[in-house]
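Got the viewer open? Let's take a walk through this model, one selection at a time.

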Amino acid sequence: MKRINAIKKITKNVKNEIVISTTGMISRELYAVKDRPRNFYMMGSMGCALGIGLGIAINSKHKVIVISGDASVLMSLGTLALHKKLNPKNLKHYILDNGCHSSTGGQPTCSNVIDFSKIAPNTRVIEVSKEKGDAPRIPLSPKQILKRFKHAISSNRS
Ligand SMILES: Cc1ncc(C[n+]2csc(CCOP(=O)(O)OP(=O)(O)O)c2C)c(N)n1
Ligand SMILES: [Mg+2]
């Protein structure tokens, strides 16, 4: 499956959920598929999406969806153990696994030796193709993304 189609499936029925997406083309494609203020695009800092999602999930009643890539999860593998320990029922983690750093040239990862879904709860690994995709840059600054996200999650609007 193409990564963008996996993102379409994941977000098809989202209403009030918070969606945190990892760095690179995954965030760009989420923006292209379904931009909304309740999306937080973690531009720049790879490996942090799950940690942010966990922080929100354990400190609120929001339903949280985290969309990671295989390389980004491998970068912060310890966060999966923390996810298992905290086990918030209001967090669902999707890992889009293409066995590489597709956003930056396709450098291979070692995701094939790990079953992420066995480490942490509520974790679904979706195999996606290696192609980089062509979604354009997100035309928002990190400050703008953060400002509208904070505003959206402090109100009931979706
Ligand atoms: C700490 C850090 N290292 C490297 C990068 C550059 N970078 C951005 S996205 C990316 C690859 C992400 O790979 P993955 O999470 O598997 O997603 P994919 O692009 O394969 O969908 C890299 C290396 C970065 N932004 N931050
Ligand atoms: Mg990848």
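We'll begin with the whole chain and then zoom in on one helix.

First, some ground rules: this is a predicted model, where local features need pLDDT of at least 70, side-chain atom pairs count only at pLDDT 80 or more, and totals for chains, interfaces and linings use all residues. Residues are numbered from 1 along each chain as its sequence is written, chains are lettered from A and ligands numbered from 1 in the order written, and side-chain values use heavy atoms, leaving out hydrogens and water.

Select the whole chain and switch to cartoon. You'll find 7 helices and 7 strands (DSSP runs, H or I of at least four residues for helices and E of at least two for strands, numbered from the N terminus). Follow the sequence and they come as α-β-α-β-α-β-α-α-β-β-β-α-β-α.

Now turn the C-alpha trace around: along its principal axes, the chain spans about 40 × 35 × 25 Å.

Try colouring by burial next. Of the 158 residues, 44% count as buried, meaning under 20% relative accessible area with a 1.4 Å probe, protein chains only.

Next, select residues 49-58, which is helix α3. Which residues are buried here? They are A49, L50, G53, L54, I56 and A57. Look down the axis of α3: these buried residues fall within an arc of 165° (taken from the directions from the helix axis to the C-beta atoms), so they line one face of the helix.

Finally, add the partners. The buried residues of α3 pack against β1 (18-21), β3 (64-69), α5 (78-86), β4 (91-97) and α7 (142-153), with contact meaning heavy atoms within 4.5 Å.

Key
Buried means under 20% relative accessible area, exposed over 50%, partly exposed in between (1.4 Å probe, protein chains only).
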